[in-house]
Amino acid sequence: MIGKAQLRRLAGPLATLVLIVASADVLWNNFERSKEAGASVEHTYRVLVSCERFLSIIRDTESSMRGYVITHNRNFLTPYNADVEAQARIMADLEGLTRDNAAQQERLQTIKALTERRLAVLAGAAKRVDQGRFELVLGTTSSGRGVQLMSELTSRLREFEENEHTLLASRTRAANEAVGRTRFMLLLTSGLLALALLLAGAMMERDARTKAMAYEALQRQADLIDFSHDAIVTLNPAGVITGWNAGATEIYGWSHGEAVGRSLREIVKTNAFAAAIDEALAKTGRWDGELAQISKDGQARVVESRYVRVHNRAGETVGVLNISRDATQRTQAEELLSQVAEQRRLALDAAELGSWDYNVEEDRVVWDERCREIMGLPGLGPASFEQALKVVHPDERETMRVSALSAMSSSGLSDGRFSQEMRIVLRDGTVRWLATFGRVYFQETNGVRRPVRVIGVNSDITKRKRVEDALRESEDRLRVALETGRIGIFNDLPLEETVELNERARELVGVTEAKITPRDCIALVHPEDREKLMAARRGDLEGSNSDEEELEYRLVPPDGSLRWVIIRRRVYFEGEGAARRAVRVLGVMMDITQQKRAEQELASALCESDQERRRLAALLETMPAGILLADRSNRVLEGNAEALRIWGAESVEELAARGFDLQGSRAGSAEPLRVDEWPGARALRGEKVLGEIIDIQRFDGSRATIFNSASPVRDANGHLQGAVSVMVDVTEQRQIELALRSSEESLRLAHRDLERLLEQKNVLFKEVQHRVKNNLQVVSSLLSLEAQRFEDREFHKAMNESRDRVRSMALMHEQFCHLDDLARIEFGDYVNELARYFFSSYMAEPSAIEFSSDVDVRLSMDDAIPCGLILQELLSNSVKHAFPRGTGQIRIDFHTVDGRFEMRYRDDGVGLPKKMDLKNPATLGLQLVTDLAGQLQGDLRYEYRDGAHFTLTFA
């Protein structure tokens, strides 16, 4: 057992040991916490480096793809595919590093989705480039969709980095606090040498392991930095390079050994931006932007650069971190795209074209400003396909729809190109012509080809259409003029020794060939005129003749006739100087034979003018019409005897003296004519007056009626010289006309009375027909009652047949009661009514007999009643005797054939006895049929063809 003294001796060491153990435990716990804090800091730093590496590779990926899109060089696809694989690896590392941080994991998933979307856009652009669809690539690039995705992705990565930086700061503070506590415990245990030595040995061992781990982590970070394509450069506070990775060598061309120890601004020539960078670092500790820098080989490069100030744990600035990315290719691509867009805009402006873009999937059409201006809709926004078609003229809207839909057909038969000329209607109603050209772009998915986009341009062709219309109108006028003037056209081609003639020219020269030789042309000319024509042709070919020179000569066609023609021509040359030669002589020719003959006749007639003048005066004196000739002041100069008689004047001088005192008025008007209203006065104003009836008062006070015409008289130059008036005395005709008008009025009144009497007669006739019908129905009823008083079957039969005949006539009179035209009856209605009566009266089942008719005749009463009685007898015979089985068919046809009525009656019954003779019939019914046919003066025939067939024809 241990005594109290021993316990007292051991108490100190034991207490020391306990204290040492307790201190060691506390020191150990603090050390573990420090190690964990250091591991957390290292872990966070790895996340930050991976994030920077991921952002760098994303930008490299986009740069490679832009290079491929712009240059179509497939060498860009190798780094692109490598960068895509690197992105996947780094994303997997980030997901592993942040698996314990749910918030960062959520941000990583967003970044991953944005990355996949951006890669999909880049892959789609590469596919369109492979398909040669460069317009869609430009459309995708210019739409800003990729820039927007990249901007959002960068923003998300920056947010992720900021959270990691925040986490790094907190973990660094925790590590510093843990180190402080550890130091305190080391001082506490320094007095306990033995325990301190033991603990120091253990701590040294663990520190060695920690350093090894830290060195390994730093080595991994250095490897990551060296593998980056971005330039990562570290600077001391004086701006001297202390770190230079392989990416910096790749961009700037300086090796690690050449760069370290030198000023970065001296190497890359960024002095122009030094002040701005220093100011931003001093204020915010960070600067971002693009810099124009010079590489070792003297080439200018554009880099996206970031400067970040680095602090130690005490918050002191220990250096600057610079990360730069080569953006030269991206900048060049953007400039190239900008140049292409500018060239496209200049081309559209120069051609005065407006462009439009139709998104098929969204059904949305977008126009540029010029296109809206061309369409007269400056404020027009996006519209659907059908809304866009509303601008098209209604007459061409369907054509435009079919053309566009055919181009967008998925059948593969269309190459996607279409063009159309169309009219559009502006808001003010103005019609404008447009030419539209479009190209459809298709996308093929799982073998299915579908349109996704249509781009095109519009051009205003209104002026061109107007010019075409004017040209067409001018051509029509020229053609009409040539046809009206009977003008021949010839085209002399000296180099080909050919003369082309139109149809009229061939008629003039008397040939049928459209092309003849110049020798043939000379042979058709009169021998006396050939030398003149040949000399004129030589002058034309030499260019010595005037274009306005006309040539008259005689033709002797093959038929031997003589024909005068006049030609006018124009010569066309090519070449200059000694090489100048005539290539075409184009001209027209016109037949002036009649003009020449008229000139000859005129020359002959001039010799006989005096004799003709005397004949004309004699002719005027004997004419039954009065003729007055007045000068421009309306003074009578000449007048014949009939004109003097009409006015009751003694001489022309008397008429001239009273010329302004004539009295008269237009026929049917009591208002007198003013001086300037007389036909002669109106003719002096250039008006041609044809036939006005005027009531005049002669000079002796009597009244007369004249038919007055007047026409202006002009000289050879068309100047007005006077007027001539022609007057015909129509007094007697006027009186006869008035008498006729009075007679016409009397006839009109008489015709009205006749119409009234005819209407009364029609009413009376209908009333008579109605009463006759009623009386016949009474007779029919009396015959039925009378038959019931006797039991003799034959008597009953005779009474019923008589009743049917009376009923048939009653039906006819009933039809007449309902007619508007009493002269004719629609016989078809009567036939159908008569058939219904017999079927309902004699058949237990009227539907057992199939009845049909085709009747299109109208008969007078004299013809209708006999025809009705004949049909009544034939129907009665068929219904009673033709169908022993109770079923059958009856057909009636009644038409007009060759101006005669033809009625055909047939049934498919048993028919009449074969020995029956229509001239000597055995029954009363057939006797009536024969007699009624004779009354109509018709021809009645019978034959058996699967039943009874009767044919009746009459006029």
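# A walk through the predicted chain

Isoleucine 267 is found in helix H9, which spans residues 264–268; helices here are DSSP runs of H or I with at least four residues, strands are runs of E with at least two, and both are numbered from the N terminus. The model is a predicted one, in which local features need pLDDT of at least 70, side-chain atom pairs count only at pLDDT 80 or more, and totals for chains, interfaces and linings use all residues. Residues are numbered from 1 along each chain as its sequence is written, and side-chain values use heavy atoms, with hydrogens and water left out.

With a relative accessibility of 1%, isoleucine 267 counts as buried, a word that means under 20% relative accessible area, while exposed means over 50% and partly exposed lies in between, for a 1.4 Å probe and protein chains only. Once its neighbours within four places in sequence are set aside, isoleucine 267 is in contact with Ile241, Trp254, Ala259, Arg262 and Ile294, where contact means heavy atoms within 4.5 Å. The C-alpha atom of isoleucine 267 is also separated by 7.8 Å from that of lysine 296, although these two residues are 29 residues apart along the chain.

Another residue in a helix, proline 394, has its place in helix H14, residues 394–407, but at 54% relative accessibility proline 394 counts as exposed. Proline 394 and arginine 423 stand 29 residues apart in sequence, with 8.9 Å between their C-alpha atoms.

For the chain as a whole, there are 28 helices and 29 strands, and buried residues make up 37% of its 955 residues. Among the contacts with a separation of 6 or more, 54% are accounted for by residues 24 or more positions apart.

Further along the chain, helix H26 (residues 827–842) and helix H27 (residues 861–882) have axes that come within 10 Å and cross at roughly 30 degrees; such axes are lines fitted to C-alpha atoms, for helices over the stretch in contact, and the angles run from 0 to 180 degrees between N-to-C directions. H26 and H27 are therefore roughly parallel to each other, given that angles under 35 degrees count as roughly parallel, over 145 as roughly antiparallel, 65 to 115 as roughly perpendicular and the rest as oblique. H26 passes H27 in a right-handed crossing, the term for a near helix turned clockwise from the far one by less than a right angle, whereas an anticlockwise turn makes a crossing left-handed. On the side of H26 the contact is made by Phe827, Tyr830, Val831, Leu834, Ala835, Phe838, Phe839 and Tyr842, and on the side of H27 by Ala864, Cys867, Gly868, Leu871, Gln872, Leu875, Ser876, Val879 and Lys880. By class, this contact of H26 with H27 has 13 nonpolar, three polar and one charged residues, where Ala, Val, Leu, Ile, Met, Phe, Trp, Tyr, Cys and Pro count as nonpolar, Asp, Glu, Lys and Arg as charged, and the others, Gly among them, as polar.

H27 also packs with helix H28 (residues 924–935), at an angle of about 155 degrees and with the axes 9 Å apart. H27 and H28 are therefore roughly antiparallel to each other, and their crossing is left-handed. Here the contact is made by Pro866, Leu869, Ile870, Glu873 and Leu874 of H27 together with Gly925, Leu928, Val929, Leu932, Ala933 and Gln935 of H28. The residues of this contact of H27 with H28 divide into eight nonpolar, two polar and one charged.

After H28, in the loop between H28 and strand S28 (939–944), lies glutamine 937, which has a positive phi of about 55 degrees although it is not a glycine. Glutamine 937 counts as exposed at 71% relative accessibility. Aspartate 946, in the loop between S28 and S29, has a phi near 55 degrees, again a positive value in a residue other than glycine, and aspartate 946 is exposed, with a relative accessible area of 65%.

The last topic is the aromatic rings. A search of the whole structure finds eleven aromatic pairs, a pair being rings of Phe, Tyr and Trp (its six-membered ring) whose centres lie within 6.5 Å, with planes under 30 degrees apart counted as stacked, over 60 as edge-to-face and the rest as tilted. Phenylalanine 894 and phenylalanine 954 form an edge-to-face pair, 6.3 Å centre to centre with 70 degrees between the planes. This pair links distant parts of the chain, since phenylalanine 894 is in strand S26 (residues 888–897) and phenylalanine 954 in strand S29 (residues 948–954), 60 residues apart. Phenylalanine 894 is buried, with a relative accessible area of 0%, and phenylalanine 954 counts as buried at 0% relative accessibility. Ring pairs link Phe827, Tyr830, Phe894, Phe901 and Phe954 into a cluster.
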